[in-house]
Amino acid sequence: QVQLVESGGGLVQAGGSLRLSCAASGRTVSGYSMGWFRQAPGNEREFVARLLWIGGPLYSDSVKGRFTISRDNAKNTVVLQMNNLKPEDTAVYYCAMGARGRTLVAEYDYWGQGTQVTVSP
């Protein structure tokens, strides 16, 4: 059984940083596409970043240059480092795992429960 558990969310002022972690069990993150999505109230879940088992990362235009996705194979964890946060980054952030996931929600098979990120002006 695959389980993804996010942590690291919280309240931060604009311009600050947060580091989200996604701990996986039941599958190894190195063999799958690992993605981060977010959902703000009243909005659909949207793509943030993705790391394939091979190749470079992919980011949405809204976070490119500010967020970094990485993988720690020894800990079976995926990390999203978020710098220069903006109020519009406020959302629940979800970790996802899929065989060939790219930018669409439907391309991922497993999801975490989400972690709240709130950025104050």
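Begin by selecting Arg 19, which is found in strand β3; strands here are DSSP runs of E with at least two residues, helices are runs of H or I with at least four, and both are numbered from the N terminus. Before going further, note that this is a predicted model, in which local features need pLDDT of at least 70 and side-chain atom pairs count only at pLDDT 80 or more, while totals for chains, interfaces and linings use all residues. Residues are numbered from 1 along each chain as its sequence is written, and side-chain values use heavy atoms, with hydrogens and water left out.

**Around Arg 19**

With Arg 19 still selected, display its contacts, meaning heavy atoms within 4.5 Å: leaving aside residues up to four places away in sequence, Arg 19 touches Ser 7, Gly 8, Val 79, Leu 80 and Gln 81. Add Gly 9 to the selection, and the C-alpha atoms of Arg 19 and Gly 9, which are ten residues apart along the chain, turn out to be separated by 7.5 Å.

**The sheet that holds β3**

Now colour the strands β1, β3, β8 and β7, which in that order form an open sheet with antiparallel pairing; two strands pair if DSSP finds at least two bridges between them. The edge strands, each pairing on one side only, are β1 (3-7) and β7 (67-72). Neighbouring strands of this sheet are turned by 15° against each other on average, direction ignored, where the axes are lines fitted to C-alpha atoms and angles run from 0 to 180 degrees between N-to-C directions.

At one edge, select β1 together with β3 (residues 18-25): five bridges join these antiparallel strands, and Leu 4 stands opposite Ala 24 in β3. At the other edge, select β7 with β8 (residues 77-82), where six bridges join the antiparallel pair and Phe 67 stands opposite Met 82 in β8. Then follow the chain through the hairpin of β7 and β8, which has four residues between the strands, and stop at Asn 76, which takes a positive phi near 50°.

**The disulfide**

Return to β3 and show the side chains of Cys 22 and Cys 95, which form a disulfide with their sulfur atoms 2.0 Å apart; the cut-off for a disulfide is a pair of cysteine sulfur atoms within 2.5 Å. Cys 22 lies in β3 and Cys 95 in strand β9 (residues 91-98), so the pair ties together parts that are 73 residues apart in sequence. The link of Cys 22 and Cys 95 is left-handed, with -75° about the S-S bond, and a search of the whole structure finds one disulfide. Both cysteines, Cys 22 and Cys 95, are buried, where buried means under 20% relative accessible area, exposed over 50%, and partly exposed in between, with a 1.4 Å probe and protein chains only.

**Leu 11 and the C-terminal stretch**

Next select Leu 11 in strand β2 (residues 10-13), which is exposed, with a relative accessible area of 66%. Leu 11 touches Thr 118 and Ser 120, not counting residues up to four places away in sequence. The C-alpha atoms of Leu 11 and Thr 118 are separated by 4.7 Å, although these residues are 107 residues apart along the chain.

**The whole chain**

Finally, zoom out to the protein chain, which has zero helices and eleven strands. Buried residues make up 40% of its 121 residues, and among contacts with a separation of 6 or more, 58% come from residues 24 or more positions apart.
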